[in-house]
Amino acid sequence: MSDTTLPPDRRQAFSDRVRRAATNGRLTAGLILLPPALILFTLFVILPLGESGLYAFYDWNGYGAPQDFVGLRNFEQMFGHSVFSIAVWNTVKIILISLLIQMPLALLLALLIYRKTPTNAVFRLIFFVPYIMAEVAAGLIWSFVFDGNYGVTASIATTLGIERFFVLADRELAFYAVMVVIVWKYFGFHMMIYIAALQGVPDDQIEAAQIEGASRPQIVRHVQVPHIKPAIAVSAFFAIIGALQVFDVIIPLTNGGPSNQTHTIVTYLYEFGLTRLRIGYGSAVGVVLFIVAVLVAVFYQRIFMKKGTA
Amino acid sequence: MTGPHVWRNVARLTLLVIVASFVLAPLWATVMGGFKTNAEIRTAAFAVPEAFNIEFYGAILSDPAFWRYLGNSMLISSAAVILTLIVGSAAAYVFAQIKFFGSNFLFSYLLLGLMFPFATAILPLFIKIRDIGLLDTYWAVILPQTAFGLSLAILLFRTFFAQLPKELFEAAYIDGCGYVRFFIMFTLPLSTPILATVGVFVFVQSWNNFLLPLVVLNSREVFTWPLGMMQYRGEYVTQWNQTLAFVTLSLVPAVVFFLAAQKYIVAGLTGGAVKG
C-alpha cells in the first residue's frame, strides 16, 4: 500500500513528514525500538541462512575462508548417497504415520473428551504430558523401554519366558520403534488443537442434527468435522513441518543406527555435515531442507487459502 | 435405550484407559526404575519396587553437576525470555503504532523466521558463533534462540497491540507523552496476557532445546540439562536406575511449571499453532 516512488511534488511532503516525525518522537521511537530486533534477526537468522546458500557450493572444513568452489558437487553427492535417500524416506514415513495414524487417533480422542467434564480434564492432561516433555527425555525413556539387555524389553522377555529381542538394533524394526515414540510424543498436541476447535462448534447445530434424527457418527461426519477443517489443516501442516525437523528423539534412541537405517534429514545433516566438519556439504543439506520447508509452506497456503474462499 | 448407551460409554472409557496406559506405562517404569536395583529393573520393570531404594535419587540430588545443569538451563531460558519480550515487543510496537515507508516490508522480513526449521542454518550459525568468539558461552544459546523466537513473538505482539484502544494513545499524546514513554507506561502494562503467553512459549522451547546447545556448547560447566542428561546416560550405560532417577528429577520442574502455567501453555501452543 505504501508509496514506492516519490514524484517531485511529493518530495517536499516527504521531507516535511520526516521533520515532523523527528520532532514528535516518532523517528526516535522507530530508531530506538526497531533496530535491536532487526540486528538480532539478521545476524542469527538471515545471515546464516544466506551463508548456507553460499557454503553449499564449496568444499570447506570451516577453517579459513571457503575457497574450494565445487559447484553442484555437494548436491550430486548428497542425492547419490544411499543414507540420504534413507533419511528422506524416513521423513516421508513420519509424515505418513502422522497423517494416517496419529491425526485420526488424535481426532478420535478429541471427540471423546472435548466436553468440559472433570474426567475428561484428567485424560486430556495425561495425553498432553508427553508433549510437554523434552524430546531428548522422551527419547531416553523409550530407549530404556526398548533396551533388550537391561531395560523394559528385557523384563518383558523374562516375564514371558521368551528370548530377548533388540528392537533398536534391528534394521527392519528400529524405525518402527522411532515412529511409535513420535506418535506417543505428539498425538496429544494434535488432540489439543482439535479439542480447542471442537469446543467452538455451536451447540445448537449439533442439537438441530440430533432432533432431525442424525446418529452420533453422522453428526461427527457432517457437523463437527466440517466445522474443524481449518484446525485439521493446521495440525497437518505442523505434522509435516515437525517431521522435517525430527532430531532430538533419534539421538538417544538410535543415533541414526543401526547401519544408518534411522537417520532423518536433520540427523543426517548433523552426522555427515557437522561431526565430520564438512560445512559445505552440511550446508547443502540445509539448503535442501529449506527449499522443502518453503515449498510445504507455500503449498499449504495455496490450498488453505483456496478452501478459505470457496 | 440405556443398554446401548451404557455399552458405548464402556467402550469409550476402555479406549481412553488403553491409550492412557500407553502414555503412562513408560513414565511409570521410569519413575519406579529410579528406586530399583538394576537386577530388579531387568526382571520386573513395571512392578512396584520390592524396596524403595532412595540412594539413586539421593545420589543425583547431591551431585553438584545436576544442579549446575539445571541452573544453566534456568539462566539461559530466563535470559532468552527476557530478551525476546523486550526486543520483540519493542519492534511490534513500532509496527502497530507507527506507519512508515517500508514498514510492511520490514514486518514481513521479520516474519521469515516462521518459514523454515531452525536446523537449516545450524552449520553457518555454528561458524558465526565461533568467529564472534561466543562458543561455549551462555550467549551462544541465548542470542540465536531469541532471534529465532522473534518472528512468532512479533506476530503475536503486533496483533495484540493493534487491538488496544487508539483513543488512549491520542489522549496521552496530547498530554505530551511520547511514543517510547507511552510504550513503557501504557502498552506493556496493558499487554500482560500476551507477554505471559509468549514468555511461557519461549521458555518451554528454550528449556527443551537440544540441537543448538549440542552444537555450540562443549564444556560441562555450561551444559544445559538435556546435554547433562545425555552425558549421564553415556557414563552409566548399563545402570539404568541412575539415569532414570536423573530423567525423573529433571522432568519435575517441567511438570510443576506446566501445572502452574497450564493456561498460558495451552493458549500459546494451540493459539500460536493456529496463527503460525
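Where does Val31(B) sit in chain B? Val31(B) belongs to helix H1 of chain B, and we will come back to its surroundings below. Welcome to this predicted model, in which chain A has 15 helices and two strands, while chain B has 13 helices and zero strands. The two chains touch through 73 residues of chain A and 74 residues of chain B. Here is a tour, topic by topic.

**Chain A as a whole**

- Chain A has a radius of gyration of 26 Å, whereas the globule rule gives 19 Å for its 310 residues, so chain A is more spread out than a compact globule.
- Measured out along the principal axes is one way to picture that spread: the C-alpha trace of chain A spans about 85 × 65 × 35 Å.
- Of the 310 residues in chain A, 43% are buried.
- If you take the contacts in chain A with a separation of 6 or more, 66% are between residues 24 or more positions apart.

**What UniProt records for chain A**

- An unreviewed UniProt entry gives "transmembrane region" at residues 27–50, 94–114, 121–145, 173–197, 231–251 and 279–300 of chain A.
- In the model, residues 27–50 of chain A are 96% helix and 0% strand, with 30 Å between the end C-alpha atoms.
- Residues 94–114 of chain A come out at 95% helix and 0% strand, and here the end C-alpha atoms are 26 Å apart.
- The unreviewed entry in UniProt also lists "domain: ABC transmembrane type-1" for residues 88–300 of chain A.
- That span, residues 88–300 of chain A, is 75% helix and 0% strand, and its end C-alpha atoms lie 20 Å apart.

**Two helices of chain A**

- Helix H6 of chain A covers residues 118–132, and at 1.5 Å a residue its 15 residues should span 21 Å; the end C-alpha atoms are 21 Å apart, so the model agrees with the expectation.
- Buried residues in H6(A) include Phe123(A), Phe127(A) and Phe128(A), and Pro130(A), Tyr131(A) and Ile132(A) are buried in H6(A) too.
- Helix H14 of chain A (residues 265–274) is mostly covered, with eight of its ten residues buried.
- Among the buried residues of H14(A) are Tyr268(A), Tyr270(A) and Phe272(A), along with Ile265(A), Val266(A) and Leu269(A).
- Thr267(A) and Gly273(A) are also on the buried list for H14(A).

**Where the chains meet**

- The contact draws on 73 residues from chain A and 74 residues from chain B.
- On the chain A side, helix H3 (residues 35–55) gives the most, with 13 residues.
- By class, the side of chain A that touches chain B consists of 55 nonpolar, 14 polar and four charged residues.

**Chain B as a whole**

- Along the sequence, the pattern of chain B reads α-α-α-α-α-α-α-α-α-α-α-α-α.
- The radius of gyration of chain B is 24 Å, where a compact globule of 276 residues would be near 19 Å.
- The C-alpha atoms of chain B fill a box of roughly 75 × 70 × 35 Å along the principal axes.
- Of the 276 residues in chain B, 45% are buried.
- Among contacts in chain B between residues at least 6 apart in sequence, 76% join residues at least 24 apart.

**The two domains of chain B**

- Chain B divides into domain 1 (2–55) and domain 2 (64–275), and the C-alpha centres of these domains are 35 Å apart.
- Eight residues of domain 1 of chain B are in contact with seven residues of domain 2 of chain B.
- On the domain 1 side of that contact, helix H1 (2–33) and helix H2 (38–43) of chain B each supply at least two residues, and H1(B) has the largest share, with three residues.
- The domain 1 side that touches domain 2 in chain B is made up of two nonpolar, five polar and one charged residue.

**Two residues of chain B**

- Val31(B) counts as partly exposed because it has 17 C-beta neighbours inside 10 Å, fewer than the 20 needed to be buried.
- Val31(B) and Lys99(B) are 68 residues apart along the chain, and their C-alpha atoms are separated by 55 Å.
- Phe203(B) lies in helix H10 (residues 192–208) of chain B and is buried, since 22 other C-beta atoms are within 10 Å.
- Phe203(B) touches Ser77(B) and Val81(B), leaving aside residues up to four places away in sequence.
- Phe203(B) and Met74(B) are 129 residues apart in sequence, with 9.0 Å between their C-alpha atoms.

Methods:
Residues are numbered from 1 along each chain as its sequence is written. Chains are lettered from A and ligands numbered from 1 in the order in which they are written. This is a predicted model: local features need pLDDT of at least 70, side-chain atom pairs count only at pLDDT 80 or more; totals for chains, interfaces and linings use all residues. Helices (H or I, at least four residues) and strands (E, at least two) are DSSP runs, numbered from the N terminus. Ala, Val, Leu, Ile, Met, Phe, Trp, Tyr, Cys and Pro count as nonpolar, Asp, Glu, Lys and Arg as charged, and the others, Gly among them, as polar. A residue is buried if 20 or more other C-beta atoms lie within 10 Å of its own, exposed if 12 or fewer, and partly exposed in between; C-beta atoms are placed from the backbone. UniProt positions are given in the numbering used here, feature names are shortened, and annotations may be inferred rather than shown by experiment. Domain bounds come from an automatic or database domain assignment. The radius of gyration is taken over C-alpha atoms; the globule rule is 2.2 Å times the number of residues to the power 0.38. The expected span of a helix is 1.5 Å times one less than its number of residues.
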